Amino acid sequence: MSARVKWRRFVSNFMLTLTGLCALVSVSVLFLILGYLVFNGGTSINWAFFTQLPKPVGETGGGMANAIVGSAKLLMAASLFGVPIGFLGGIYLAEFSGGAVASVVRYAADLLNGVPSIVIGIFAYSMVVLPFKQFSTLAGAFALGLMMIPITLRSTEEFLNGVPRYLREGAMALGASKWKTIASVVVPAAYRGILTAILLALARVAGETAPLLFTAFGNRFWSRGWEQPTASLPVMIFTYAVSPYEDWHRQAWAAGLVLLGLILIINILARTILSRGIAVPRS
Amino acid sequence: MATVNPTIQSAGPAAGSRSFLSKLRDGDEIARLITFLFAASVVLITVLLVYELWISSALPRQKFGLHFFVTQVWDPVMDEYGALPFIYGTLVTSVVSLLLAVPLGIGASIFLAELAPPQISDTLQFFIDLLAAVPSVIYGLLGVFIVVPLMRTVIFPGLNKPLGFLPFFKGPSYGVGFLTAGIVMAIMVIPYIISVSREVLLSVPRDQREAALALGSTRWESTWKVVVPFAKTGIMGSIFLALARALGETMAVTMVIGNTPKISASLFAPGYSIAAVIANEFTEATGDLYLQSLIELGLVLFLLTFILNGLARLLIIVTTQKGSGVGNR
């Protein structure tokens with residue numbers, strides 16, 4: 001074997017090993033993050049964390065009960081706003097639309113999907129906070145809901161398009177009208193995919209902080225209603241992490257662990273709902 | 001087949017000839033209208049977003065015009081606003097993050113697409129997808145407590161001693177700064193580069209690889225000289241996509257960049273980025289000009305990501321279609 005061939009073999013093996021290392025490093029980041037969160041936050045997760053309000057500055061202890069409930073409220077309201085628009089809009093795109101209108105809607109959705117979350121926050125601020133003259137849970141939910149729309153819309157369309165034609169034809173041949181076909185045959189056939197997409201959208205906005213900073217704002221107490229500002233887990237993590245207090249850092253780690261755990265569980269759940277063979281579309 | 005076809009054909013005209021009223025009774029038209037309204041609302045919201053950003057930033061556009069982008073003074077007390085330090089910070093951190101993330105991301109995607117057996121590749125891709133789902137505030141948390149101290153104790157001395165004569169690596173270091181933000185951002189965008197590049201590489205037709213191997217090239221040569229050039233445009237697309245993400249990245253950057261509206265050549269110096277200044281100052285912005293200047297920064301950010309996303313999508317579509325087109329032949 002000539003030296004040249006040997007050299008080429010060596011380069012090949014060397015570079016391919018290097019790419020393997022790249023992959024290893026990239027994936028290990030996930031486990032590093034998880035490890036750090038469990039190591040630093042694990043000991044701070046206790047009963048008080050889930051049941052108590054934040055203590056005043058300077059006192060140790062307390063929890064984030066209000067932020068956990070606040071996040072749940074925000075996500076619920078955001079889904080109520082974002083999912084119907086995305087889902088029904090997706091049905092329109094897949095089943096009713098013709099040409100030009102559909103491409104305009106698709107383009108708008110893609111554009112909306114690419115808008116930085118902080119800009120979504122500005123928009124929600126001027127649409128909801130300014131008219132009502134106060135930060136509110138609703139404004140935060142509006143911002144998060146906006147971010148759910150494009151993901152839900154595009155994946156609903158994608159999964160409906162994936163339903164085989166003969167199912168539709170079968171239903172129509174039995175005399176069902178178009179919307180009945182859609183409601184009783186097409187959507188049920190695609191529901192796993194659509195559910196996955198909605199869960200993934202939920203998981204994505206669950207960790208969003210930037211759009212909440214000046215919409216839902218924050219609150220050290222229980223939020224008294226939908227038109228009042230509310231605490232949320234991501235914003236709590238942010239304020240606690242950049243604060244100078246040792247006890248707050250401890251709680252930020254705990255909150256980070258809870259939030260990330262929640263998001264990863266939703267993600268894994270969503271991906272297992274999908275049976276193999278259907279690809280999860282990326283946002 | 002022969003029995004099915006006539007049925008469909010006869011159903012077609014019959015459905016078409018039904019009166020509008022009977023269609024209405026079946027609910028088809030109503031369903032169409034309702035779903036149309038929801039689809040149209042997406043367009044409406046998007047248009048409204050752009051319109052709102054535009055009219056809400058009228059004041060600084062009138063007062064400063066294009067000077068807004070080239071002046072360095074950001075002084076709420078004197079009511080003078082210049083965006084240059086923020087634009088500089090956003091660009092520098094994005095470039096740093098891409099310099100770190102692109103080689104690593106493309107390397108990993110080559111491994112996933114070309115080398116790893118499908119099962120391992122899918123498993124690793126699953127972890128990469130999970131990594132992409134980690135929220136930015138968590139990256140910020142780790143940035144503040146892990147990367148910033150690491151920066152102060154290890155990376156700064158390590159780079160400053162041998163390379164301190166270069167303006168980029170001059171001290172002192174506070175831990176927070178452009179380089180810290182760039183590193184955290186790099187970690188955040190790597191999953192996007194990997195996912196898209198892997199997809200693009202996988203769409204390169206098999207015969208391209210086989211032809212290269214048959215001509216006697218090594219595995220690496222076929223990958224680097226044939227497959228990667230074939231997928232070049234799509235990989236560029238993935239980089240643009242990552243850049244768009246990096247530019248709009250808010251929380252993690254806000255937590256580690258140092259939040260100082262200054263332009264410094266040193267990567268260890270604290271700085272500021274467009275998204276970070278909006279996040280920090282929006283709620284405290286008193287006075288219309290202040291608030292609207294921040295909104296104009298939002299508009300700039302929107303336009304930048306809009307252009308980059310558009311370009312990225314175009315490049316990715318071009319490559320994947322090229323791949324599938326040749327493959328089907």
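**View 1. Asp129(B) pairs with Arg271(A) in a salt bridge.** In this predicted model, the closest N and O atoms of Asp129(B) and Arg271(A) sit 3.4 Å apart. The helix α3 (residues 28-55) of chain B isn't in the close-up, but it's worth knowing about: with 16 residues, it gives the largest share of the side of chain B that touches chain A. Sorted by class, that side of chain B has 50 nonpolar, 18 polar and 10 charged residues. As for the pair itself, Asp129(B) is buried, and Arg271(A) is buried too.

**View 2. Arg8(A) meets Glu221(B) in a salt bridge.** Here the closest N and O atoms are 2.8 Å apart. Arg8(A) belongs to helix α1 (residues 3-41) of chain A, while Glu221(B) belongs to helix α10 (residues 219-230) of chain B, so this pair joins two chains. Glu221(B) has 15% relative accessibility, which means it counts as buried.

**View 3. Chain B and chain A share an interface that buries about 6,900 Å².** Pull back a little and look at the contact as a whole: chain B brings 78 residues and chain A brings 80 residues. Of the area buried between the two chains, 80% is on carbon and sulfur atoms. How many salt bridges cross the interface of chain B and chain A? The rule finds 2. It also finds 7 residue pairs in polar contact across this interface, with both residues of each pair at pLDDT 80 or more.

**View 4. Within chain A, Glu157(A) and Arg154(A) form a salt bridge.** This one runs 3.4 Å from N to O, side chain to side chain. Both residues are in helix α6 (residues 137-161) of chain A, and because they're 3 residues apart, about one helical turn separates them. Is Glu157(A) buried or exposed? At 6% relative accessibility, Glu157(A) counts as buried. Arg154(A), on the other hand, is partly exposed, with a relative accessible area of 25%. Don't stop at the pair, though: salt bridges with shared partners link Arg106(A), Asp110(A), Arg154(A) and Glu157(A) into one network.

**View 5. Salt bridges turn up 11 times over all chains.** That total comes from a search of the whole structure. Side chains of opposite charge can pair when their charged atoms come close. Among the pairs shown in these views are Arg8(A) with Glu221(B), Asp129(B) with Arg271(A), and Glu157(A) with Arg154(A).

How values were computed:
Residues numbered from 1 in each chain as written. Chains lettered and ligands numbered in written order. Predicted model: local features only at pLDDT ≥ 70, side-chain atom pairs only at ≥ 80, totals over all residues. Heavy atoms only, no water. Contact = heavy atoms within 4.5 Å. Buried area = accessible area lost by both parts, 1.4 Å probe. Salt bridge = Lys/Arg side-chain N within 4 Å of Asp/Glu carboxyl O. Polar contact = N/O pair within 3.5 Å; in protein donor to acceptor, adjacent residues only side chain to side chain. Helix = DSSP H or I, 4+ residues; strand = E, 2+ residues; numbered from the N terminus. Nonpolar A, V, L, I, M, F, W, Y, C, P; charged D, E, K, R; others polar. Buried < 20%, exposed > 50% of the residue type's maximum accessible area, 1.4 Å probe, protein only.
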